[in-house]
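Subject: The structure for you to look at

Dear colleague,

I am handing over the structure below, and after it I set out what was found, with some of the reasoning spelled out. Please keep it open while you read.

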Amino acid sequence: MELAARVGYASRAVVYAVIGVLALMLALGEGGRTTDTRGAVEEVARQPFGSVLLVLLGVGLLAFAVWRFVQAVMDVEGKGHDGKGLAKRAVPAVSGVIHASLALFAFNLLRGRKGGGGGTKSMTAELMSQPFGQVLVALVGVVIIGFAVYQFKQAWQGKTLDKLSLTGLAARQRTWVERISRAGVMARSVVFLLVGTFFLQAAIQADPGEAGGLGEALTALAEQPFGPWLLGAVALGLVAYAVYQLLEARYRRIATP
């Protein structure tokens, strides 16, 4: 489980590095584009030895999903069985589903397919087709916004290092680790805040087309006044988040059964 977790964090680092670098290139006028996690996996597939890279990435993401499910089901971090504890354990469970789906997407690409779901808008349309569909979509938006605010608060308060074991690092190195980690988590929180807002807009207007994921959030930043500057700053933050994931792969204290 510890190996699965560390390989998984490294795989997440690859995904966010691709997203961040592509967005940064767009902000600098050097090509690039805004994309989401699936777009990042597709970009990996287009590289030399793309099939090999896809296998490695898919296995890493699947390993991370397994570890997240173990976190949720076996409560290896001692969150508890009361309401608050179950709510906290739901977070790794949802993360496990997301990363398992992304791993499946990578494996489908290897088979020449793009199966495994139709994206944010189709998911929103499916939710809206259910009884009380607009309420469900609004709840998704509220949950995403709440998660984004919580993550931003954690980073602002300097809690990004709480689960890292940095005893072997010098004070200067620890300072840089903290700066990079805080910048990365804050940037990702800003993007998720926009994603949550898109879901609320979709619910209010009863229009699944208003929903959007990570790629749409980055596009929205680029379309604002001083868009290239905003996009560039967030893109750098996402690259910092990728570095933070590598730091977690190396230094995180992994609770196992």
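Which residues do ring pairs link into a cluster? They are Y9, F64 and W67. Please bear in mind throughout that this is a predicted model.

**Aromatic rings**

A search of the whole structure finds 7 aromatic pairs. In one of them, F152 and W156, the ring centres are 6.4 Å apart and the planes stand at 15 degrees, so this pair is stacked, given that planes under 30 degrees apart count as stacked. Both F152 and W156 belong to helix α6 (residues 133-156), where they are 4 residues apart, about one turn of the helix. An α-helix has 3.6 residues a turn, so residues three or four places apart point the same way. F152 counts as partly exposed because its relative accessibility is 33%, whereas W156, with a relative accessible area of 58%, is exposed. A charged side chain also meets a ring elsewhere, for R179 lies over the face of W176, at 5.0 Å from the ring centre.

**Salt bridges**

The same kind of search finds 8 salt bridges in the whole structure. Side chains of opposite charge can pair when their charged atoms come close. In helix α1, R6 and E2 are 4 residues apart, about one turn of the helix, and their side chains meet in a salt bridge of 2.9 Å, N to O. E2 is partly exposed, at a relative accessible area of 40%. Another salt bridge joins R46 with E43, with the closest N and O atoms 2.9 Å apart; here R46 counts as exposed at 51% relative accessibility, while E43 is buried at 19%.

The side chains of E77 and R252 also meet in a salt bridge, at 3.3 Å from N to O. This pair links distant parts of the chain, since E77 is in the loop between α3 and α4 and R252 is in the segment after α9, 175 residues apart. E77 is partly exposed, with a relative accessible area of 27%, but R252 is buried, with 7%. The side chain of R252 has a polar contact of 2.8 Å with that of E248, and a network of salt bridges links E77, K79, K163, E248 and R252. If residues up to four places away in sequence are not counted, R252 touches several others, including Y9 and W67, which both belong to the ring cluster mentioned at the start.

**Helices and buried positions**

Does the length of helix α4 (residues 83-110) agree or disagree with what its 28 residues should span? At 1.5 Å a residue the expected span is 40 Å, and the end C-alpha atoms are 41 Å apart, which agrees. The buried residues of α4, among them R89, H99 and F105, pack against α1 (2-27), α2 (37-45) and α3 (50-74). Just after α4, G112 takes a positive phi of about 80 degrees.

Finally, S181 lies in helix α7 (residues 171-205) and counts as buried because its relative accessibility is 0%. The C-alpha atoms of S181 and V243 are separated by 7.7 Å, although the two residues are 62 residues apart along the chain. Leaving out residues up to four places away in sequence, S181 touches T160, L161, Y244 and L247, and L247 is also among the residues that R252 touches.

With best wishes

Note on methods. Residues numbered from 1 in each chain as written. Predicted model: local features only at pLDDT ≥ 70, side-chain atom pairs only at ≥ 80, totals over all residues. Heavy atoms only, no water. Phe/Tyr/Trp six-rings, centres within 6.5 Å; stacked < 30°, edge-to-face > 60°. Helix = DSSP H or I, 4+ residues; strand = E, 2+ residues; numbered from the N terminus. Buried < 20%, exposed > 50% of the residue type's maximum accessible area, 1.4 Å probe, protein only. Lys NZ or Arg CZ within 6 Å of the ring centre and 35° of its normal. Polar contact = N/O pair within 3.5 Å; in protein donor to acceptor, adjacent residues only side chain to side chain. Contact = heavy atoms within 4.5 Å. Expected span 1.5 Å × (residues − 1). Salt bridge = Lys/Arg side-chain N within 4 Å of Asp/Glu carboxyl O.
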